[in-house]
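Visitor: I am new to this structure and should like to learn how to read its features. May we begin once it is shown?

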Amino acid sequence: MAEGVLIGVDIGTSSSKGVLVTTSGRILARASRPHETSYPHPGWVEHDAEAVWWADFLAIVGELVPAAEGRSIEGLAVSGIGPVLLPADDEGTPLRPAILYGVDTRATAEIAELTEEFGADEILARGGSALSSQAVGPKVRWLAKHEPDVYRRTEKLLMCSSYLVHRLTGQYVLDHHSASQCDPLYDLGARDWARDWAERVA
């Protein structure tokens, strides 16, 4: 009986890549795909989740599967850039392009506001890092202030990997490492959302 295979796909800032390996770790095929990153305003860096993340995923998997040559596909893993902010409706449909990680600096004012409101020391003690352009929380406040219609319609906040998982399985999940980059929305010690702070962010 032929050894099974695994597929891994990673979505990056300017390109995506994938690999097909046997369950014992032997690489059978690789695939990559460049994509566009959008800069609609100074300091803004965005991806269209459908046209970039999902299209790349489909193209890469479509290239890798034939290389399995009939072997059973035992598992699929996805990863991607983060932390990013992708507001979506209850069905997981994106409501705007994803706001990327620290390279997107639109929420500078919101970083200062939230640091003042919660306290720099308190944020560091609870979340493990100071607020910066890498943090998701200030971008959530930016969204509420500058795109209130989108914010009102938002039911899910997705990252790249969680968007792909939702498209593939219908499940709304986020790993703890990605959640920990959502300062000040995450309590590192409790390994859970800082719900009292989250209610005040927007």
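Visitor: Is Val45 buried or exposed?

Guide: A word on the source comes first: this is a predicted model, in which local features need pLDDT of at least 70, side-chain atom pairs count only at pLDDT 80 or more, and totals for chains, interfaces and linings use all residues. Residues are numbered from 1 along each chain as its sequence is written, and side-chain values use heavy atoms, with hydrogens and water left out. A residue is called buried under 20% relative accessible area, exposed over 50% and partly exposed in between, with a 1.4 Å probe and protein chains only. Val45 has 6% relative accessibility, so it counts as buried.

Visitor: Where does Val45 lie, and which residues does Val45 touch?

Guide: Helices (H or I, at least four residues) and strands (E, at least two) are DSSP runs, numbered from the N terminus. Val45 is in the loop between β3 (27–34) and β4 (46–47). Contact means heavy atoms within 4.5 Å. Leaving aside residues up to four places away in sequence, Val45 touches Thr37, Ser38, Tyr39, Ala98, Ile99, Leu100, Val103, Asp104 and Arg106. Val103 is 58 residues from Val45 along the chain, yet their C-alpha atoms are separated by 6.7 Å.

Visitor: How should one read the packing of α1 and α6?

Guide: Two packed helices are described by the angle between their axes and the distance between the axes. Here the axes are lines fitted to C-alpha atoms, for helices over the stretch in contact, and angles run from 0 to 180 degrees between N-to-C directions. The axes of α1 (residues 49–64) and α6 (residues 160–169) come within 11 Å and cross at roughly 70°. This makes α1 roughly perpendicular to α6; angles under 35 degrees count as roughly parallel, over 145 as roughly antiparallel, 65 to 115 as roughly perpendicular and the rest as oblique.

Visitor: Which residues make that contact?

Guide: From α1 come Ala49, Glu50, Trp53, Trp54 and Phe57, and from α6 come Cys160, Tyr163, Leu164, Arg167 and Leu168. Eight of these residues are nonpolar, none is polar and two are charged. In this scheme Ala, Val, Leu, Ile, Met, Phe, Trp, Tyr, Cys and Pro count as nonpolar, Asp, Glu, Lys and Arg as charged, and the others, Gly among them, as polar.

Visitor: Which residues of α6 are buried, and what do they pack against?

Guide: The buried residues in α6 are Cys160, Ser161, Ser162, Tyr163, Leu164 and His166. They pack against β1 (5–11), α1, β5 (73–80), β6 (86–88) and β8 (156–158). After α6 comes Gly170, with a positive phi near 80°.

Visitor: How many disulfides are there?

Guide: A disulfide is a covalent bond between the sulfur atoms of two cysteines. With the rule that the pair of cysteine sulfur atoms lie within 2.5 Å, the count is zero. Cys160 is in no disulfide, as its nearest cysteine sulfur, that of Cys182, is 14 Å away. Cys160 is buried because its relative accessibility is 0%, and Cys182 is buried because its relative accessibility is 5%.

Visitor: At what angle do α2 and α3 pack?

Guide: Helix α2 (residues 108–118) and helix α3 (residues 120–127) meet at about 90°, with their axes 6 Å apart. That makes α2 roughly perpendicular to α3. Leu114, Thr115 and Phe118 in α2 touch Ala120, Glu122 and Ile123 in α3.
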